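User: I would like to go through a structure by question and answer. Please keep each answer short and show the reasoning.

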Amino acid sequence: MGKQGIYPGPSGGEGGYDVAVIGAGPAGLAVACAAREAGAQRVLVIERNTEPGGILPQCIHNGFGLRIFDSDLTGPEYAMRWIARAEALDVEILLDTMVLTMDGAGRLTATNGRQGLIDIEARAIVAGMGCRERPLGALAIPGARPAGVYTAGTAQRLVNMDGYMPGERTVILGSGDIGMIMARRMTLEGAQVVAMVEALPYIGGLRRNLVQCVRDFGIPLYLSTTIVEVRGRERVEAVVIADVDPDAHSGPGGRLPTKAGSERELACDTLLLSVGLIPENELSRMAGVALDPLTGGPLVDERLQTNVPGVFAAGNVLHVYDLVDDVTESALRAGRYAAEYTGPDEAPSSTVAVRAGENVRHVVPQRLHADMAEAHIQFRARTPIEAPTRAIVRIDDQVVATRRLRYARPSEMVTVPLGPEVRPRLADAREVSVHLLSVEEEDTKRG
């Protein structure tokens, strides 16, 4: 890529950049391309890794780009399409560079081995830092900290990029998508996956991965089960699992309560963790960006702009998506709005809060402008509804949009678009609320 790994001068030259993007993963690359296509003249992407693409280069399985490119691509193939597009649009990408500070006034401080400290100014900044995996230390599991414990993403990189096998007998804690994909990958590489253990009574990832990666390979799946002890000193020797007690209160440090007498030992030499992702928002906090305690990401409006003028968020830094196509679509919107941003002197319209209603865990965006042109309301179910379901958006007590679903599962994001036709109702609205009801339940309430 011709502009890849460039080293800009301080502030990006006279006038600075129109848009600066932090992170060159699927979100960051799409943001940059959309911003250039929307008229931004100078767009810079800053990436701490030595290559663009984020997590995509280690995702060698297919399933990427089904909506965006109408193609069934691997992660590296999907990344290369966006890298090529960024190159054609003259996007500047600064690799092997860490952003140290973001002040909320369009200024970044970054560092790399060639230039030392770099001051960068931009008219708009888009946070595209992605997310990180939850480690063992966050789970309050007793035992030593022996070798052989990895997050699923770390194991994926070791196997797919570095050519190392983490172990021969593996237990996977959690049923997130990366965990299920790694269950299949470890099996294909000759390891035995002893069990996948999930604390919830349902899986945490997509149903297609349950079928293709777990059931098709005969991997034992234990629901409503957790690990209560990791055994071994130098290396993992076994884990102790137990049934979760749904009627008891959490133990010390948030430890899951379990049923007495349900403990059993599984011999293994490796433990992979697929227990949730956390949006990377340390820089956002530094800039004064308000965060949603439910998503871990910024509170944004329909333009994906945070409470700090000129600071936008896209992709998994906003809330964790299940499909890269959804990440890309949010990034394309953020890039377009960042390019259109006119600065803090623009007179903002009033905003209306968006609230998670019945069976909705969280919702993004969390506020809408009264004069909005469009919005994409995205949310997740609190609990599964394995029956025909209706997603409902209300402004105060008035239903303004619905979407019929075959089912609603926490692992699958739901999107309901709102158009300019709802704008008159927003002018004097108290709130917007989002609900998920089974069709039968809704009919009962109407009756």
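User: Which side chain does Arg285 meet in a salt bridge?

Analyst: This is a predicted model, in which local features need pLDDT of at least 70 and side-chain atom pairs count only at pLDDT 80 or more, while totals for chains, interfaces and linings use all residues. Residues are numbered from 1 along each chain as its sequence is written, and side-chain values use heavy atoms, with hydrogens and water left out. A salt bridge is a side-chain nitrogen of Lys or Arg within 4 Å of a carboxyl oxygen of Asp or Glu. At 3.9 Å from N to O, the partner of Arg285 is Glu282.

User: In which helix do Arg285 and Glu282 both lie?

Analyst: Helices (H or I, at least four residues) and strands (E, at least two) are DSSP runs numbered from the N terminus. The two residues are 3 apart, about one turn of the helix, and the run that holds both is residues 282-286, helix α6.

User: How many residues apart are Glu431 and Arg355?

Analyst: Their side chains meet in a salt bridge of 3.1 Å, N to O. Glu431 is in the loop between α8 and β27, and Arg355 is in strand β20. The pair therefore links distant parts of the chain, and the separation is 76 residues.

User: What is the relative accessible area of Arg409?

Analyst: The side chains of Arg409 and Glu386 meet in a salt bridge of 2.9 Å, N to O. Arg409 lies in the loop between β25 and β26 and Glu386 in the loop between β23 and β24, so the pair ties together parts 23 residues apart in sequence. Buried means under 20% relative accessible area, exposed over 50%, and partly exposed in between (1.4 Å probe, protein chains only). Glu386 is partly exposed at 48%, whereas Arg409 is buried, at 11%.

User: Which residues do shared salt-bridge partners join into one network?

Analyst: The structure holds 20 salt bridges. Those that share partners form one network, made of Arg132, Glu280, Glu282 and Arg285.

User: How many residues of strand β15 are buried?

Analyst: Two strands pair if DSSP finds at least two bridges between them. β15 runs antiparallel to β14, with 6 bridges, and is also paired in the antiparallel sense with β16 over 4 bridges. The strand has 6 residues and is mostly covered; the buried count is 5.

User: Which residue stands opposite Leu266 in β16?

Analyst: β15 faces β14 as well, where Glu229 stands opposite Val240. Towards β16, the residue opposite Leu266 is Val239.

User: Which strands are the edge strands of the open sheet?

Analyst: The sheet has 5 strands in the order β10-β17-β11-β12-β13, with parallel pairing. An edge strand here pairs on one side only, and this fits β10 and β13.

User: With which residues is Val126 in contact, leaving aside its neighbours within four places in sequence?

Analyst: A nonpolar core is a set of buried Ala, Val, Leu, Ile, Met, Phe, Trp, Tyr and Cys residues joined through side-chain atoms within 4.5 Å. The largest one has 67 residues, and Val126 is among the members that touch the most others. Contact means heavy atoms within 4.5 Å. For Val126, the list is Val19, Ala20, Val21, Ile22, Val31, Phe312, Ala313, Ala314, Ala334 and Ala338.

User: How many residues are in the second, separate core?

Analyst: This core includes Ala391, Ile395, Val400 and Val434. Its full count is 28 residues.
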